[in-house]
Amino acid sequence: MEKPRFVLVAGHVAWSALRRLAVLAVLLGVVFAAVELLPGDAASSTSERGESAADLAARRTALGLDRPLAERFWDWMTALPTGDLGTSARGEPVTRLLAGPFPNTLLLGSLALAVSVAGALALGSWAALRPGGRADRVIGVVATMAFALPEFVVAIALLLVLSLWLGWLPAVTLIGADGAPASPGMLLLPLLALAIPQIGWNTRIVRAALADQAALPHVSAAILDGLPRHRILTHHLLPGALPAVAVGVATSAGMLLGGAVVVETLFNYPGVGAVLAGAIADRDTPVVAGVVAATGSAISVVLLLADLVRARSVGVRL
Amino acid sequence: MTTDSPHSDDQRWLDGADKMIASARSRPSRALRAAPALVLILFALAGPLLAPHPIDQPLVAPYATPDATAVLGGDLLGRDVLSRFLAGGGPLVLNALAIAALVTGAATLLGILAALRPGLGRWVERTADLAILVPAVLGIVLVALAWQDGGRLAIAAAATVLGIPYATRVVAAAAAPIAVSGYIETAAASGERLWYLIVREVLPNLRATLLALFGLRFVEAVYVVSVAAFLQLGPQPPTADWALMIRENSPGIMLNPLAVAIPALAVGVLALSVNLAADALMPKTGTTTEVPL
């Protein structure tokens with residue numbers, strides 16, 4: 001007897017989620033081991049001048065660094081599902097360190113993702129409806145160029161043009177700002193700096209996916225039927241292009257979170273970038289591992305959503 | 001993909017957007033599109049020889065505006081921005097070239113091997129699945145953090161290791177149809193060794209793919225190396241480096257904007273010209289939009 005479709009879909013969803021989760025767990029293991037096996041530890045890098053070897057050893061014990069690697073890793077991994085990311089080298093719970101900044105970074109990242117998806121769909125569709133035309137070529141070249149630019153170069157360019165030359169936005173966010181993002185203007189520059197390269201990337205994906213769809217017979221039939229162009233776009237081209245676009249957007253999520261770290265540093269945006277910069281100076285493994293765990297989880301969620309979109313449009317492969 | 005996220009550009013392969021332009025693209029126009037990158041790379045490498053002033057001594061007041069002595073003004077310590085700009089491109093370009101060459105080389109061998117031995121191919125897929133969860137920037141931070149005195153070497157090592165999974169997947173995808181073709185089966189059946197199959201049978205047919213892959217890896221490497229320098233992970237002050245200059249001088253952007261704008265422009269133009277060259281080298285056959293994750 002054939003199982004009903006929703007059982008197959010539910011099984012597929014569960015399987016995808018399990019697979020993504022397993023990959024995430026392996027990643028965490030690799031991260032933890034890599035940081036532990038390389039020289040230098042948190043006890044020595046946060047030591048104060050004139051601290052004796054005995055003090056150092058005491059702190060190493062306090063931080064639990066004298067216990068076997070496997071034991072510490074097991075403790076760390078089993079505490080993860082309860083939201084406990086361990087203790088930083090300075091003795092603060094990592095979860096508390098990230099509780100403020102990580103949502104700020106997620107806000108910046110998801111806004112940038114939304115802007116880049118909207119921008120890419122608009123530009124990609126516009127180009128796809130005029131294949132080979134001037135708009136198509138210009139959009140293609142500009143998108144390729146935009147994607148090659150590092151975010152901090154885009155950020156500097158925006159800062160110079162919008163703040164220094166046009167005077168539209170205050171440049172003071174560059175230095176000295178602290179606390180939560182105070183004004184929308186403060187969010188705008190980092191947002192644009194992150195979104196512009198990703199608009200370039202996703203526009204190319206959307207344009208290419210639409211081109212592939214346009215070659216299919218049902219689209220030709222719709223054109224021959226004399227349907228209006230916008231209806232062909234929304235009802236015949238976009239639905240088929242959705243899986244490819246979803247995968248492109250999912251890959252953007254990783255690039256956005258990586259880029260956010262850089263852009264936040266430049267604009268003094270109170271996100272994970274600032275925490276990470278501090279952790280880099282302190283060689284604070286648990287904090288860095290916590291940041292990687294948090295971003296890795298966020299990326300996993302987006303990848304899982306892309307899996308679902310693909311399963312929904314392409315159908316479940318058995 | 002990210003990384004390489006990555007700021008990952010491998011997927012550009014899978015991008016059929018400009019199929020229609022491909023036919024119009026002839027050999028001379030390809031060379032023309034690759035020219036800006038070559039000129040810029042030569043300029044960056046020759047730059048230190050052209051510097052009019054020492055790069056590590058104060059010449060003018062901190063963040064001094066341009067004058068006759070310092071044409072582009074002074075940086076945070078009053079050093080000559082022009083001299084530091086001229087000296088700051090070479091290491092970045094060399095570092096990026098080395099990473100691109102290493103990643104392409106390793107990915108070529110592993111990718112062809114994965115295509116010839118499907119068991120290994122599955123591992124390549126799994127590793128790439130894993131690598132996608134680490135944004136390139138975070139991976140580099142992690143390695144630079146653990147390898148304290150690594151400097152540029154640590155960055156290069158991290159970028160190479162993080163770049164290989166994607167690049168290998170691209171080569172494996174390109175080599176897969178070749179690996180199942182008749183002449184490879186004939187060679188394998190007649191007892192040719194694996195090394196011979198890789199180097200003499202499959203590799204020559206991947207030339208175009210590998211050239212384009214090298215270009216894309218160079219774009220990616222420029223991104224990674226400059227971002228790492230910007231985060232003060234690779235070269236340390238007082239080294240002259242374009243990305244480091246941007247970071248160091250950004251607090252004084254109101255006083256001497258050129259100290260930030262010129263290196264930012266240089267990194268931007270380098271990224272764009274290399275990207276243009278990579279795009280010109282890209283083979284335009286058999287593209288698809290289905291991006292594997």
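**Exercise 1.** Which residue with a positive phi follows H8(A)?

*Solution.* Keep in mind that this is a predicted model. Go to the end of H8(A) and step onward to A:Gly167: its phi is positive, near 70°.

**Exercise 2.** Work out how long helix H8 of chain A should be, and check it against the model.

*Solution.* Start with the residues: H8 of chain A covers 151-165, which makes 15 residues. Next, allow 1.5 Å a residue, and the expected span comes to 21 Å. Now look at the end C-alpha atoms: they sit 20 Å apart, so the two values agree.

**Exercise 3.** Find out how many residues of H8(A) are buried.

*Solution.* Buried means under 20% relative accessible area. With that cut-off, 11 of the 15 residues in H8(A) are buried, so the helix is mostly covered. Among them are A:Phe152, A:Val153, A:Ile156 and A:Leu160.

**Exercise 4.** Try the length check again on helix H5 of chain B, then list its buried residues.

*Solution.* This helix runs over residues 118-131, so 14 residues should span 20 Å at 1.5 Å a residue. Its end C-alpha atoms are 20 Å apart, which agrees. The buried residues of H5(B) are B:Gly121, B:Val124, B:Ala128, B:Asp129, B:Leu130 and B:Ala131.

**Exercise 5.** Describe the largest cavity and its lining.

*Solution.* First, the search turns up 5 cavities of 30 Å³ or more. The largest holds about 80 Å³ of space. Of its 12 lining residues, those closest to the centre include B:Ile99, B:Arg217 and B:Glu220. H10(B) gives the largest share of the lining, 4 residues. Finally, sort the lining by class: 9 nonpolar, no polar and 3 charged residues.

Key
Residues are numbered from 1 along each chain as its sequence is written. Chains are lettered from A and ligands numbered from 1 in the order in which they are written. This is a predicted model: local features need pLDDT of at least 70, side-chain atom pairs count only at pLDDT 80 or more; totals for chains, interfaces and linings use all residues. Side-chain values use heavy atoms; hydrogens and water are left out. Helices (H or I, at least four residues) and strands (E, at least two) are DSSP runs, numbered from the N terminus. The expected span of a helix is 1.5 Å times one less than its number of residues. Buried means under 20% relative accessible area, exposed over 50%, partly exposed in between (1.4 Å probe, protein chains only). On a 1 Å grid over the protein atoms alone, a cavity is a set of points where a 1.4 Å probe fits but cannot get out, and a pocket is an open set with protein on both sides within 12 Å along at least five of seven lines; lining residues have an atom within 4 Å of a point. Grid points are joined across faces, edges and corners, and a volume is the space filled by probe spheres set on the points. Ala, Val, Leu, Ile, Met, Phe, Trp, Tyr, Cys and Pro count as nonpolar, Asp, Glu, Lys and Arg as charged, and the others, Gly among them, as polar.
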